[in-house]
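Biologist: I should be grateful for a close look at a single part of this model, chosen by you. Please explain how its side chains are covered and which partners they have, in terms that a first-year student can follow.

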Amino acid sequence: MKMAALCSEFGDLVQIKKQLISVISLCKERGLLHSAKWASELAFALDRLPKDELPPSPPFTEDDAQDLDALTLAKSYFDLKEYDRAAYFLKGCCSQKAYFLYMYSRYLSGEKKKDDETVDSLGPLEKGQVRNEALRELRVELSKKHIAGELDGFTLYLYGVVLRKLDLLKEAVEVFVEAIHSLPLHWGAWLELSNLVTNIEMLKSLSLPDCWIKDFFMAHMYTELQMIKEALQKYQNLIEAGFSKSTYIISQIAVAYHNIRDIDQALALFNELREQDPYRIDNMDTFSNLLYVKSMKPELSYLAHNLVEIDKYRVETCCVIGNYYSLRSQHEKAALYFQRALKLNPRCLGAWTLMGHEYMEMKNTSAAIQAYRHAIEVNKRDYRAWYGLGQTYEILKMPFYCLYYYRKAHQLRPNDSRMLVALGESYEKLSQQVEAKKCYWRAYSVGDVEKMALLKLAKLHEQLNESDDAAQCYMLYIQDIFSCGEQLEHAEVSTALRYLGQYYFKNKLYDEASLCAQRCCDYNDAREEGKALLRQISQVRDQIETPSADLFAPLSNNNTPVRRVSPLNLISFTP
């Protein structure tokens, strides 16, 4: 979107602030606390309004007046999570507000009973057949009102949630879009819709209202669909439009950088977020993932202790503690905390995926598979769960299954080299060498984060006796490893040097072969072979040595072997 168009859309920040203040009040009255929190954080990021600019209270209808006492009483019960009691006193009320709270109380009562039963009777990995028994009744009642056109924006949102819970996804999408058109400022409806959008084509096909909040939705969707460049551009536009103080936007940008593994940038943003909002728990599980990847044990320990002091029974806190124990290789304890997180919120995507990782570490593949499957049920776009399933079936030596799950992960992360390398390995095990070669080369082309693709490609060429291609890949691999500036733990430079030494020797490029052999002597596992090759080179040179000044004439005539690999310049690289 061009900046001029965006500025005109966000030109009146005062009006946006007024809209946010109004919707905060409406959400609070209906117990929609997460939407109220999101709008409050956004409103806080904008300049304060003078007293005479504050929006007026919403109009009070005759029905509202009639239901006032019952609604006030029921809302007090609702706030204390006494949902059945709240619904009992709201039955028969006429106003839109009371009707929403009546239906919402019944829905939450069913959800609470379902969660309690799940936790009590089943382990967190058991599938079970526990259902929210209220859903079907709610659907029938809301459907009648929907057909009659009697549902407002909030009740349409609730109807969409009920449909989604019943796996009527197509109908749910239509109802959420209708809810957004009816009440564009309710963030909860946008968020529910985002969970049902599976790809960019579906996103483009949605008929959405032309409202400033749509830009927040699109940025969120781009992040979810791994279109990180577009997401970062959207968030940058929102910052320039006047939301520069928004902690929500900072956190979303940090998550976006986390998704593309720009770990340093993400860590810097999370640290900035912690300074601005030191008691924040939202997204801290993602922050802990970054600290885990960087093996920053003291920082992760501090974060875990800090969150326990703030709220030890939050899902994010349990995930952070789980990551801390995982980093200390205490996998049983880590799994226990991820289970605790799932007792608090069975739909916590991160906890299911992380628990799968822990079961993998404990060699409990069946439990890992169940955990990853639960993660996919919560969100089919979670590439980590698909990738985890692929790894699990790889351990079980089931390459066809591996291929299926790695393909799913690759579709979600087409430019992630880890997915491509895993795909290549699966193709190789299934003797589909051409496909394997394509995957390895593509992994190298998109930026091989683990520096493994070229090595695997070189070994594959070697197995197929494609010596020129193998040598080319080994040479690129060595250059790639040394250009990093740090020696990677898994680096097989000695393997590459060993092969190149023999390759150059066979092609009578003795200077290059000698250089490779000398470098082999720097590595324990290749030292003896390096010395043996140096002796061979010395013997050959002694045999061909003549008094003629034209010492290496045979290499410059037309009988020189065709070389697709230029001589390797190893002098510039230091192991």
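Modeller: A residue is called buried when its relative accessible area is under 20%, exposed when that area is over 50%, and partly exposed in between, using a 1.4 Å probe and protein chains only. The model is predicted, so local features need pLDDT of at least 70 and side-chain atom pairs count only at pLDDT 80 or more, whereas totals for chains, interfaces and linings use all residues. Residues are numbered from 1 along each chain as its sequence is written, and side-chain values use heavy atoms, with hydrogens and water left out.

The part that I have chosen is helix 6, which covers residues 96-121. Helices here are DSSP runs of H or I with at least four residues, numbered from the N terminus. Let us begin with its charged side chains. A salt bridge is counted when a side-chain nitrogen of Lys or Arg lies within 4 Å of a carboxyl oxygen of Asp or Glu, and the structure holds 28 of them. One joins R106 to E141, with 2.9 Å between the closest N and O atoms. Because R106 belongs to helix 6 and E141 to helix 7 (residues 135-147), this pair ties together parts that are 35 residues apart in sequence. The partners differ in cover: R106 counts as buried, at 15% relative accessibility, while E141 counts as partly exposed, at 29%.

Another salt bridge lies within helix 6 itself. E111 pairs with K114, and their closest N and O atoms are 3.7 Å apart. Since they are three residues apart in helix 6, E111 and K114 are separated by about one helical turn. E111 is buried, at 10% relative accessibility, and K114 is buried as well, with a relative accessible area of 18%.

For comparison, consider helix 9 (residues 169-182), where K170 and E174 are four residues apart, about one turn of the helix. Their salt bridge has its closest N and O atoms 3.4 Å apart. Here K170 counts as exposed, at 62% relative accessibility, and E174 is partly exposed, with a relative accessible area of 46%. Salt bridges may also join into networks, as with K37, D282, R314 and E316.

Aromatic rings supply a further kind of contact. Rings of Phe, Tyr and Trp (its six-membered ring) pair if their centres lie within 6.5 Å; planes under 30 degrees apart count as stacked, over 60 as edge-to-face and the rest as tilted. A search of the whole structure finds 30 aromatic pairs. In one of them, W38 and F216 meet edge-to-face, with 5.7 Å between the centres and 90° between the planes. W38 lies in helix 3 (residues 33-44) and F216 in helix 12, so this pair ties together parts that are 178 residues apart in sequence. W38 and F216 are both buried. Helix 6 takes part in another pair, formed by F78 and Y104, which is tilted: the centres are 5.8 Å apart and the planes make an angle of 35°. This contact links distant parts of the chain, with F78 in helix 4 (residues 62-79) and Y104 in helix 6, 26 residues apart. Both F78 and Y104 are buried.

The surroundings of F216 also deserve attention. Ring pairs link F216 into a cluster with W38, W187, W212, F243 and Y248. The expected span of a helix is 1.5 Å times one less than its number of residues. For the twelve residues of helix 12 (residues 213-224) this gives 16 Å, and the end C-alpha atoms are 17 Å apart, which agrees. Ten of those twelve residues are buried, so helix 12 is largely enclosed by the rest of the structure. Among the buried residues of helix 12 are F216, F217, H220 and Y222. Just after helix 12, Q226 takes a positive phi of about 65°.

Helix 18 (residues 315-327) may be set beside helix 12. It has 13 residues and reaches 19 Å from its first C-alpha to its last, close to the expected 18 Å. All 13 of the 13 residues of helix 18 are buried, so it is largely enclosed by the rest of the structure. Helix 18 is followed by S329, whose phi is positive, near 60°.

To return to helix 6: R106 reaches E141 through a salt bridge, E111 pairs with K114, and Y104 forms a tilted aromatic pair with F78.

How values were computed: Helix = DSSP H or I, 4+ residues; strand = E, 2+ residues; numbered from the N terminus.
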